[in-house]
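Here are a few exercises to work through with the model open beside you. Try each task before reading its solution.

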Amino acid sequence: MIELSPEIEEAIGSGQEVVALETTLICHGLPRPDNLAAAFEIEQAVRDEGAVPATIGILDGRIKVGLSRDDIERLAGDADVMKCSTRDLALVLARRRPGATTVAATIYIAHRAGIRFMATGGLGGVHRGGESSMDISADIGELARSATVTVCSGAKAILDLPRTVEALESHGVALYGFKTDHLPGFYVARTAISVPGLTSVDDVRDMITAHAAIGWPGSIVIANPPPADLAMHTREFEALLDTALAEAARQRIEGPAITPYLLACIAEGTKGRSVALNKALVVANARLAARIAMAAHTTKAKN
């Protein structure tokens, strides 16, 4: 049920580097028409660096790796696309519903297809209060199972970031900062959480090579700070988030509805600036993932 586009099949067969891209951002993370423009801009960022983009989604009872332009337009314009984590893939396929893949589902499918690199905005993780609710994203478990190099801007800042980092460590997921020794917080460039820093694309490449040499089965996560000119100040973000959390509690919004609600509140509170930031950081992460992929490809070719 996994269908590779002709371009992706040829790229993998000929040894070209491919960067997997999720579709939850397109269908659930950005408002229309920003979502469609962002989808094409993200793909172009990968191509500009010499790699091949593979946007992944579900249509007509098939998982498609390398969505066509028409496929992306179809998903971006459909208000009834199901958000698919790994547990949802079989259900959506069996019912032939359109589906947008989360980080977890995208990593799983990419790994099955032989794609080593993936780019996204922010990882899922341990939700606030997760020590009681056990609300922990499937992203963490899939990063432990499916060996990929995933470039992101840290975990979503509405999460419990310290517990998320602990969960990644417990699952053996290697987490590094790119040109930073502190974890980015998606909307904010720097949190108080220390992580090992990698100083360049070549440094990342060497780390990938070392991980492969020891046969470690888990993923490598490269946390790339958001663009400095758009990043929010920590105090500004925390004030917006505290207000949104209080309102969510008052309205008893919880479970799967909490994340989109909080993001919508932040977008409203920043008058859309957070939406522009979200788009910009995903484009930057896609570009970095492609640069890393091409550096790793050069090393692989030499060997």
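**Exercise 1. Find how much surface the protein exposes, and which atoms supply 52% of it.**

Solution. The exposed surface comes to about 13,600 Å², by the Shrake-Rupley method with a 1.4 Å probe. Carbon and sulfur atoms supply 52% of that area. Keep in mind that this is a predicted model, where local features need pLDDT of at least 70, side-chain atom pairs count only at pLDDT 80 or more, and totals for chains, interfaces and linings use all residues. Residues are numbered from 1 along each chain as its sequence is written, and side-chain values use heavy atoms, leaving out hydrogens and water.

**Exercise 2. Work out which residues of H11 are buried and which are exposed.**

Solution. Start by locating helix H11 at residues 234-250; helices are DSSP runs of H or I with at least four residues, numbered from the N terminus.

Next, pick out the buried residues (under 20% relative accessible area, with exposed meaning over 50%, 1.4 Å probe, protein chains only): Phe237, Leu240, Leu241, Ala244 and Ala248. They lie on the same side of H11 because they cover an arc of only 100 degrees around the axis, taken from the directions from the helix axis to the C-beta atoms.

Then turn to the face away from that buried side, where Arg235, Thr243, Ala249 and Arg250 are exposed.

**Exercise 3. What covers the buried residues of H11, and what follows this helix?**

Solution. The cover includes helix H12 (258-269). Beyond H11 comes arginine 252, with a positive phi near 60 degrees.

Technical notes
Helices (H or I, at least four residues) and strands (E, at least two) are DSSP runs, numbered from the N terminus. The expected span of a helix is 1.5 Å times one less than its number of residues. Contact means heavy atoms within 4.5 Å.
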